[in-house]
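Biologist: Please take me through this model closely, one part at a time, starting from a single residue and working towards a sheet and what surrounds it. I would like one connected account.

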Amino acid sequence: MAQESGGQAQVGEAVVSETAPVIVDGRELFRVGGVSAYPAKERAKTIAARIRALAADKSIDPKSLQVVREGEIIYVKSGSLMVLGLVAQDAAREGLSLELLADLAMKQIAKSITEYRNDRAPRTLLINSGYALLVTVLTALLLWGILRGFVWLDALTQRRIMARIERLESKTHYIFDADQVGDMLGGLLKTVKVLTMLIVIYFYLNLVLGLYPWTRLFAQYLFYLTIDPLRTMGLGVVRALPNIFFLIILFFITRYILKMIRLFFAGIDRGSIHLKNFEREWGLPTYKIVRLLIVSFAVIVAYPYPRLKLRCLQGCFHLSRGYFFNRVFLSP
């Protein structure tokens, strides 16, 4: 692993698999590894700082970058200034030859220097400021339209929907309160309004901050701050779909079995079904015991941990045995 320090690169033996991105103006150029004494993050920050220093010096032409081999290390340099040092471990991590990796890194660095300067050119800043002003005006108009639209919806709710709810309230002899329903609808409209405005403001900030190189990284952070939780939730839902379908099927099967068993024991309780040596009075208590066992078994089947399933099964058995003894033999 090449370690850049004081314009030189040293070869380390303890290679660390962790890598870190080299980021300039919110753009990831490539990733570098590190060693225990020189972590990947620190190395990436050092390389990014050197690239920014080269880009800030307009006397340096990006075309002056060159690849120079010195022993086991290949450097990317601009004249006597060293930007990056690469060794065989870097190439092995990427699955490329060392020469090809150095050439790709040099092209990325040259491109980054050009973009760094273009983003800070007066003409580019003026154009982006015009876009930002236009987006600001459009966002302000959109927010104003949202406010006006929800005022209209609130008036429509009060004028039409609430009138129908009040008529329904009188027909149902005031089973439910129309004022409470109105408060719920009003609260729902306010919540939707606030969420809509927050979404508009979020996209506005993400767009405007992304126009300037100094705030582009913050815009990306703001974007991933929202996208990452949504992506995690979505992947979690996708991974949970088989379990969800299993639980749904288990629920309907258990419900159907309970209905059939309830009909059977209800017949015993009514006297339409006769069992030898089984009294009618035992029908409903026995049904409750069987229902407890079936529900307990369904919960155990749905439970994700096998060891705890066995313990739950044993506990449910002792619980149902005590319940059966109390209801059947000790009940008056």
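Modeller: Phe297 is exposed, because its relative accessible area is 52% and the cut-off for that class is over 50%. The model is a predicted one, and Phe297 sits in helix H7, which covers residues 283-302. Thr254 lies 43 residues from Phe297 in sequence, yet the two C-alpha atoms are 9.5 Å apart in space.

Helix H7 also holds Thr286, and here the class changes. Thr286 is buried, since its relative accessible area is 11% and buried means under 20%. The side chain of Thr286 comes to 2.5 Å from the backbone oxygen of Trp282. Setting aside neighbours within four places in sequence, the contacts of Thr286 are Phe265 and Phe278. Helix H7 thus carries an exposed Phe297 and a buried Thr286.

For the setting, the protein chain contains 8 helices and 7 strands. Of its 332 residues, 32% are buried. Taking contacts between residues at least 6 apart in sequence, 56% of them connect residues at least 24 apart.

Now to the sheet. Strands S5, S6 and S7 make an open sheet of 3 strands in that order, and the pairing is antiparallel. Strand S5 (65-70) and strand S7 (81-86) are at the edges, each pairing on one side only. On average, neighbouring strands of this sheet are turned by 30° against each other, with direction ignored. Helix H1 (residues 40-56) packs on this sheet and touches S5, S6 and S7, its direction making about 145° with that of S7. Helix H3 (residues 98-119) also lies across S5, S6 and S7, and runs at about 150° to S5.

Within the sheet, S5 and strand S6 (residues 73-78) are joined in the antiparallel sense by 6 bridges. Two of the pairs can be followed residue by residue. Val67 has Val76 as its bridge partner in S6, and Glu70 has Ile73 as its partner in that strand. S5 and S6 form a hairpin, with 2 residues between the strands. Gly71, in the turn, has a positive phi of about 70°.

Glu70 comes up again through its side chain, which makes a polar contact with the side chain of Lys77 at 3.1 Å. Lys77 belongs to strand S6. Lys77 counts as buried because its relative accessibility is 15%, and the limit is under 20%. Apart from neighbours within four places in sequence, Lys77 is in contact with Ser64, Leu65, Gln66, Glu70 and Met82. Glu70 is therefore a contact of a lysine that counts as buried. As a rule for reading such a sheet, side chains in a regular strand alternate between the two faces of the sheet.

The last stop is a pocket. Empty space of this kind is found by rolling a probe the size of a water molecule over the atoms. The largest pocket holds about 180 Å³ of space. Its lining has 16 residues, and the closest to the centre are Phe30, Arg31, Glu94, Leu101 and Ala105. Strand S4 (27-35), S7, helix H2 (88-94) and H3 each give the lining at least two residues. S4 provides the largest share, 5 residues. S7 and H3 have already appeared above, S7 as an edge strand of the sheet and H3 as a helix lying across that sheet.

Leu101, among the residues closest to the pocket centre, can be followed to helix H2 by way of Ala91. Ala91 is in helix H2. Ala91 counts as buried, because its relative accessibility is 4%. Ala91 and Leu101 are separated by 10 residues in sequence and by 6.3 Å in space, C-alpha to C-alpha. Not counting residues up to four places away in sequence, Ala91 touches Leu96, Ser97, Leu98 and Leu101.

Methods. Residues are numbered from 1 along each chain as its sequence is written. This is a predicted model: local features need pLDDT of at least 70, side-chain atom pairs count only at pLDDT 80 or more; totals for chains, interfaces and linings use all residues. Side-chain values use heavy atoms; hydrogens and water are left out. Two strands pair if DSSP finds at least two bridges between them. Helices (H or I, at least four residues) and strands (E, at least two) are DSSP runs, numbered from the N terminus. Axes are lines fitted to C-alpha atoms, for helices over the stretch in contact, and angles run from 0 to 180 degrees between N-to-C directions. Contact means heavy atoms within 4.5 Å. Buried means under 20% relative accessible area, exposed over 50%, partly exposed in between (1.4 Å probe, protein chains only). A polar contact is a pair of N or O atoms within 3.5 Å; within protein, one must be able to donate a hydrogen and the other to accept it, and residues adjacent in sequence count only if both atoms are side-chain atoms. On a 1 Å grid over the protein atoms alone, a cavity is a set of points where a 1.4 Å probe fits but cannot get out, and a pocket is an open set with protein on both sides within 12 Å along at least five of seven lines; lining residues have an atom within 4 Å of a point. Grid points are joined across faces, edges and corners, and a volume is the space filled by probe spheres set on the points.
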